Amino acid sequence: MYRPTPPVIRLKDYRPPEFLIDQARLHFDLGLDETAVHAELSIRRNPAATRGDGDLRLAGEQLELLEVSLDGRELPPVEYAVYEDALVVHRVPDRFTLGTRVLIRPRDNTALEGLYVSGDMLCTQCEAEGFRRITYFLDRPDVMTRFQVSLAADAERFPVLLSNGNPAGEEALDDGRKLAHWDDPFPKPSYLFAVVAGDLAPVSDRFTTRSGREVPLNIYVEPENLDKCDHAMASLKAAMRWDEQRYGREYDLDIFNIVAVSHFNMGAMENKGLNVFNAKYILARPDTATDTDFAGIEGVVAHEYFHNWTGNRITCRDWFQLSLKEGFTVYRDQEFSADMGSRGVKRIEDVRMLRARQFPEDAGPMAHPVRPDQYIEINNFYTATVYEKGAEVVRMQANLLGPERFRAGTDLYFERFDGQAVTTDDFVACMEQAGGLDLDQFRRWYAQAGTPVLECEDDFDPDSGTYRLEIRQHTPSTPGQSDKRALHIPFALGLLDAEGRDLPIQLADEAEPPAPGTRMLELRDAVETFTIKGLAARPAPSLLRGFSAPVLVRYPYTEDQLTFLMAHDSDGFNRWDAAQGLAVRLLLAMVDDPDKLVPAAFIAAFRRALLDTEADRALIAEVLALPSESYLGDQMTLVDVDGIHRAREALAIAIGIELRQDLLALLEANQEPAGFDLTPSAMGRRALRNCVLGYLMRRPDEQTLARCQAQFDAGHNMTDVMAALRYLVDADPEWAGDAGERALAAFYARWADDALVLDKWFALQAQSSRADTLQRVRGLMVHEKFSLTNPNRVRALIGAFAVGNPLRFHAADGSGYAFLADRILELDPLNPQIASRLLYPMTRWRRYDDARQALMRGHLERIMEVEGLSNDVYEVVSKTLGTEQPAA
């Protein structure tokens, strides 16, 4: 079958826009079925651009054009041309006003880009290229425009009418409608445009800025959710204060609004002055949201607010620079959350996610640099590489500069580029100038894909008291990039003596030793050797403390060394990483040898961590958690799906049996008090208690089963309820009978009308290790509460199964692959973004045995053969199969 190949957009082809739009005056006549949009655009030629053929080309999709005018004169059809994706106006002057009137159909917009219906409200999502579904425009981030907006709608159905900027008045119209005016004084690209209309109720507060301005804050939700916004509002105010203190950034508009919607492709959107959120990241009460949910709300609210400066006031010149705003802002929200809670645990959470999502991305067919070179569909590049690795690239710059110089660099960045659309090179130049560092080599992090590998070797000379550490770096080849160059890498090193105390790290050419603790070394060459003097005995190396760079470290640790670091390392991240290293080593050995017994030394190390009463409870919970099945698979050349699950279950059972009394004592010592709070210590206590309960429930006796059931029945908080529900559902019926089924029914009976809580019910069943899971998932597809047009519900059921259940998704008969391929083909005509993101688990088909490879490849080829496939899905499948266009 012939298929026209979609065009490839390349960074090297960037050109400044031929025209600029200084001002846009938009009027909306809003309706769920039809909305009319009248635009008046003040346009001029860009003096910095090459003059073209005299025509103006505006992007536009799925628009019904009703009228075009130029400087007030209606144009005849001969003076313009309408295409499927554009409006071309012929022979325009150098400066003019273009008027257009278009009709759009929000209810039909299941892709959720542009203006669409969510429940009974209208809302927008314009990043990356959704604005072209609202009106004809220069829909690119380097065209920054002042917007004035008027919204007309039925006053009873849509009493709340919101847009960007500051409110500029409301008035009642004679026909039962109302008219609201909004004025945004700050130029912005069209992807930051927003409109919301609906019957909404606000939770309101105020924030006084450091200059004394009082800013009204509103979170708009459906009226039944008013009691679930307190945490989001507290997080917003904390983020506003933190940004003033840490970065000197004050909020700039007269009002700040947030709206929570139930249908949203992503987490949230930073539209200037009107953030639109997936309700998942706003709505929470202790009985409806887990500690993970609360932390997610805090982080995402902060992230979108921080975009006001790192994304809105300064935006990206083109979409290849997406990490300019996202990488920096993710770093900022990570640091904010670390300051609000447990810094060590937050770092573990961030790195675990990076290793689970971004490292595999770097090792797969979709590998791309933090600043990509090319794309077919930009929506496919909202990735862990652009976001999370991009944040690590910013973190490395902060590590290299230190706090004071990094702050000076960000101050310079805000001062120099406020109101502009710029590049990652512009950001690094500010760090370079303020820090007094040569970061030319460091820039390779933005252009070079792949995860660097650091091979470390060491030796100790007792006669001279010197320790030598040699580090060799290399980066594996990635698609389109086989020639990799050495990177500039900050490498945090610690050395411990036999008592577990930090030693001073005095380099050979230094006259005086520094204080004991972590030393930030810099790697630039393919091979670097560091000689450290003044040591009485061979130290234990603590490598890459705090995960100072997104790399893989290879060092021949012995089990004794890992056990020592697990018990003594002052760096919380490396203490956790040592525990993970021990567990990975044992689990992979158990995969290879199913009869291997769990060594007494491992149980003893585990017990020491259990009995540590001084460490952060949340940190101990992380140390005691076994690596995930997906992460274990990433450590293998070919993934042994069944062997990994068998080994992990056997180890968990052994821990539960061998340490039963210690686990029971720890469970008792960490019981929930009468009240509920979200302090780090309380969250740590819950995390540790539920980790312990999980081990005990692998082989529950009557007492443990009763305890788990009582925790579920008490309903004290959703964290405890979900943990107990998961253990009951996954418990072997031989031990637990039908307790899981009864708990699922009780949970549904209580929460059937709460969409976000019900998502948890769907996801838990999709992730169950039970043999009938896929059959259950298929049944849930026709459940009255399931909808293929709601991204949250799709992620909760289909995504949770495909991504979160490797055992059942990778069933040897290929039934999981067939199920996912069918769902992708159903989803693609409705919502290509969601369809393409669900493909992730099949992009790594070459990591599995021959039989599974053949099954996955067959279903990928089946998808590829479908006529009318979206660019989103085409790009992912073609790269996965190796049939995409080569880089040029």
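**Group meeting: a buried lysine and two helices**

Okay, let's start with lysine 389, which is buried, at a relative accessible area of 1%. Keep in mind that this is a predicted model. The cut-off for calling a residue buried is under 20% relative accessible area, so at 1% lysine 389 qualifies.

Where does lysine 389 sit? You'll find it in helix H5, which runs over residues 384-401. And what does its side chain make a polar contact with? The partner is the side chain of aspartate 362, at 3.1 Å. If you skip the neighbours within four places in sequence, the residues touching lysine 389 include Leu354, Gln358, Val370 and Trp445. Asp362 turns up among those contacts too, as do Gln448, Ala449 and Gly450.

Right, next up is helix H20, residues 739-751. It has 13 residues, and from first C-alpha to last it reaches 18 Å, close to the 18 Å you'd expect at 1.5 Å a residue. Its buried residues are Ala739, Gly740, Ala743, Leu744, Phe747, Tyr748 and Trp751. Those cover an arc of only 165° around the axis, so they lie on the same side of H20. What's covering them? Helices H17, H18, H19, H21 and H22 are included in the cover.

Last one: helix H16, residues 680-696. This helix has 17 residues and spans 24 Å between its first and last C-alpha, close to the 24 Å expected at 1.5 Å a residue. How many of those residues are buried? For H16 the count is 13 of 17, meaning the helix is mostly covered.

Conventions. Residues numbered from 1 in each chain as written. Predicted model: local features only at pLDDT ≥ 70, side-chain atom pairs only at ≥ 80, totals over all residues. Heavy atoms only, no water. Helix = DSSP H or I, 4+ residues; strand = E, 2+ residues; numbered from the N terminus. Buried < 20%, exposed > 50% of the residue type's maximum accessible area, 1.4 Å probe, protein only. Polar contact = N/O pair within 3.5 Å; in protein donor to acceptor, adjacent residues only side chain to side chain. Contact = heavy atoms within 4.5 Å. Expected span 1.5 Å × (residues − 1). Arc of directions from axis to C-beta.
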